[in-house]
Amino acid sequence: MNGDFVIGGAFSLHYTMDAVIHNYTTKPEPPRCTGRLNNRGLRFARAMIFAVEEINNSTEFLPGFRVGYQIYDSCVPAPVPTHIGFQIANGLDPVFYKDKNCSQSGTVIAVVGDGGSTQTIGLLHIIGSFNIPVVSHYATCACLSDKRQYPTFFRTIPSDQFQADALAKLVKHFGWTWIGAVRSDSDYGNYGMASFLAAAQREGICVEYSVSFYRTNSRSKIQSIADVIRRSTAVVVVVFTTSGDMSVLLEELAREPPPPRQWIGSEGWITDSNYLSYTFCAGAIGVGIQQAVIPGLREFLLDLSQSKVAAASILTEFWEDAFNCTLTKTAHSKKRVCDGTEDLKTLKSPYTDTSQLRITNMVYKAVYAVAHAIHNSVCQETNLTIQCDKDVRLEAKQVLTQLKKVNFTRNGYPVSFDANGDPVAFYELVNWQKSESGVTELVTVGYYDASLPKGQEFRINRNITWMDYKTKVPVSVCSESCSPGTRKVLQKGKPICCYDCIPCPEGEISNMTDSPDCFPCPSELWPNAQRDACFPKPVEFLSYDEVLAIILAAFSVSGACLAIITAAIFFHHRTTPIVRANNSELSFLLLFSLTLCFLCSLTFIGAPSDWSCMLRHTAFGIIFVLCISCVLGKTVVVLMAFKATLPGSNVMKWFGPPQQRMTVVFFTFVQVLICTLWLLLSPPYPMKNLSTYKEKIILECALGSAVGFWAVLGYIGLLAVFCFVLAVLARKLPDNFNEAKLITFSMLIFCAVWLTFIPAYVSSPGKFTVAVEIFAILASSFGLILCIFAPKCLIILFQPEKNSKKHVMKKN
């Protein structure tokens, strides 16, 4: 239709074009679009005509001017859009839609279209040089946002970059990490899928396969793509294709439907109602352009009389295809002649379906965007009146400048462009659900708004139906999630989503699903059996609650009681010869020290503290030296007594009771001095032993200074050896009751116990170290009291006849 200002339109009205083999000997014919009619594309074209007529009938837009249009069929990429570009630039091509008053078209100052990114790029390469702006309703390739290459491009549909991000977030939201990827082998599919794969990689999603095809590929190529989908292990398939390409793929898959697959669709096909009949796509979900309401559009689409249809070849083709009849009877036609009873209102076709106006609204907004740019170029609004320059010669460059500034709202939907010619991205989340009547329909279940803050763009507000009309979210992973307590180990040669789950090593945990690593617990904590949490290690020490401690304590108290009882027996029979002959003063001192020896072992039981650690080692060292000093004194007394019986010997006056007491005090003082230096320089202290056992804490007394500890033990050992040597020398003295023999046996046991103690002490772990030390104290103490005092008590209590001076002095 002619007009003062002509808007071009490019829509895919057919799916294919004639295949022509050029011989380069004659001028080639212009490319011709053939094949099956695209009813959806026809609706887009008619929506443009509706918008133009609405603008011409409006008093707000271009008063006194008339807008015309030229609409072209851009069925496939490459040849056709390029040819259309030349026609628009030259202004020579007659329009396909014209009524009685139409004539040759004028110069086109802006173009609405094309529907595909590749077609639009081909168109821009031709008319972009003439500064003719192109406002696309369906070209979504992110590459078109590059203003250096495409400075005259605008669009009312969001860029695929936003769509790719939305699809990646959708896949991530439902926990799918193992997907298949199918795309159109076109700029729309290739650029869109590249953006999606980059976004998916950022989200940690792996791709099992990525394949491409185009609707004009051979059947074997399409079949191979279908076989890849059928054989794959990925349940989720992300398809970034145009509607025309998807039609070819679905037809091939319908021959042998694949196993259940969860289809994730781009807006290029997910909202196309033509495909709702493919039941193996049930539950498909994807992003679609926002639904819209265009008042009066349905009536306009249905307002087709046979005379209007007959006047335009494209409408004639639509009519005959829709009602399976022919408007003109021909000899070869087998169809019936249309009789005028055909009613578009009863026709179920994408052309008449206005329940899901999405891309149609993008066409409608694109026409109004151009109209606003033209209006702002030739008209001015002053004092609520519109004044237009009737003599203006409008150029495409002026419209291009004004398009960058347009900002309006039509039917409640805002229209504006950013610096790249893109609108604000807003998508609906569309799901293929079965209605109560059993028919699959498109249902909006959420939205994606790129203008919202990061992390809040994505919203789901309705239940979703999944593949096979199930309500449970399908699982699509290469490997099942690793539970807490395990870590992921990648499988060699496979993507990062394919891994094995390995239990955490000893002492380490992982407390989240799919943990890439295990980490050790803090030193005082230990993993539970599941190795998914750290708990405080049990603290171990020789407690009074334990059987071992109770037994040792019982022996300790029994030994102390035995020493006290022995002392009582000796005290009661202190005037008898056998007690008097054994140096009663040293005997009572020895029994006192043995009582303390038995009782000092109790300080080793219980939780170590600062005082108990210092007390147990120093008390043990001092008391044992006191004990050994007494035994040493008794041994020396025996030797001196024997020497004193020799004629002329007065040796006993040099080792009488005062000297004996001084000897005991001196030897004990030396040990007290050693212990004092130990406590002053580096005393024992309680510590948590974390190294002996990994899974528990040993609460023990650290030595502080190992030199101090071994000095105390060494001094005890030195006295014990000295005492043992003297006892051995006196063991054969010729008396009836040889005290030296008893001391020899006691010292032999004492030395054997403590020589055995050293390796046992060093090698015993944890609380058993303390038990070994207690055992050594008790064993040596019992050895002393039994060897030295038991024979005497036996005579005192059960053999009183031997408790006489005559028997004691009797020679063997």
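Reader: What share of the contacts with a separation of 6 or more comes from residues 24 or more positions apart?

Author: It's 68% in this protein. Keep in mind that we're looking at a predicted model. Contact here means heavy atoms within 4.5 Å.

Reader: How do you know whether the protein has the radius of gyration of a compact globule?

Author: Set two values side by side. A compact globule of 812 residues would come out near 28 Å, but the protein has 53 Å. The value doesn't match the globule rule. Along the principal axes, the C-alpha atoms fill a box of roughly 165 × 60 × 55 Å. Inside that box, the chain forms 21 helices and 30 strands, and buried residues make up 53% of the 812 residues.

Reader: Why is Leu-626 called buried?

Author: Check its number against the cut-off. Leu-626 has a relative accessible area of 15%, and buried means under 20%, so Leu-626 passes the test. Leu-626 sits in helix H16, residues 610-644. Setting aside neighbours within four places in sequence, Leu-626 is in contact with Leu-589, Ser-593, Val-664 and Thr-668. Leu-594 is 32 residues away from Leu-626 along the chain, with 9.1 Å between their C-alpha atoms.

Reader: And what makes Asp-514 partly exposed?

Author: Asp-514 has a relative accessible area of 23%. Buried ends at 20% and exposed starts over 50%, so Asp-514 lands in between. Asp-514 is in the loop between strand S24 (508-509) and strand S25 (519-520).

Reader: What is notable about the phi of Asp-514?

Author: Its sign. Most residues other than glycine have a negative phi. Asp-514 has a phi near 60 degrees, a positive value in a residue that isn't glycine. Leu-62 is another case, with phi near 45 degrees. Leu-62 is in the loop between H1 and strand S4 (67-73), and at 2% relative accessibility Leu-62 counts as buried.

Reader: Why is the peptide bond from Gly-113 to Asp-114 called cis?

Author: Look at omega, which is near -5 degrees for this bond. Most peptide bonds are trans. Asp-114 lies in the loop between strand S5 (108-112) and H3.

Reader: What makes Thr-152 buried, and what does it touch?

Author: Its relative accessible area is 2%, which is under the 20% cut-off, so Thr-152 is buried. Thr-152 lies in the loop between strand S6 (134-136) and strand S7 (153-155). Leaving out residues up to four places away in sequence, Thr-152 touches Leu-124, Gly-128, Asn-131, Ile-132, Pro-133, Val-134 and Leu-400.

Reader: How do you know that the length of helix H13 agrees with its number of residues?

Author: Do the check yourself. H13 has 26 residues, 547-572, and at 1.5 Å a residue they should span 38 Å. The end C-alpha atoms are 37 Å apart, so the two values agree. Among the buried residues of H13 are Ala-549, Leu-552, Gly-559, Thr-566 and Phe-570.

Reader: What makes a space a cavity, and how many of 30 Å³ or more are there?

Author: A 1.4 Å probe has to fit there but be unable to get out. A search of the whole structure finds three cavities of 30 Å³ or more. The largest cavity holds about 340 Å³ of space. It is lined by 25 residues, and the closest to its centre are Gly-115, Gly-116, Tyr-138, Thr-242 and Ser-243. Helix H1 (39-56), helix H3 (117-127) and helix H7 (243-255) each give two or more residues to this lining. By class, the lining has six nonpolar, 14 polar and five charged residues.

Reader: Which elements give two or more residues to the lining of the second largest cavity?

Author: H1 and helix H11 (359-378) do. H1 gives the most, with three residues. About 90 Å³ of space lies in this cavity, and its lining includes Arg-40, Arg-43, Phe-44, Asp-353 and Leu-442. The class count for this lining is three nonpolar, four polar and four charged residues.

Conventions
Residues are numbered from 1 along each chain as its sequence is written. This is a predicted model: local features need pLDDT of at least 70, side-chain atom pairs count only at pLDDT 80 or more; totals for chains, interfaces and linings use all residues. Side-chain values use heavy atoms; hydrogens and water are left out. On a 1 Å grid over the protein atoms alone, a cavity is a set of points where a 1.4 Å probe fits but cannot get out, and a pocket is an open set with protein on both sides within 12 Å along at least five of seven lines; lining residues have an atom within 4 Å of a point. Grid points are joined across faces, edges and corners, and a volume is the space filled by probe spheres set on the points. Helices (H or I, at least four residues) and strands (E, at least two) are DSSP runs, numbered from the N terminus. Ala, Val, Leu, Ile, Met, Phe, Trp, Tyr, Cys and Pro count as nonpolar, Asp, Glu, Lys and Arg as charged, and the others, Gly among them, as polar. The expected span of a helix is 1.5 Å times one less than its number of residues. Buried means under 20% relative accessible area, exposed over 50%, partly exposed in between (1.4 Å probe, protein chains only). The radius of gyration is taken over C-alpha atoms; the globule rule is 2.2 Å times the number of residues to the power 0.38.
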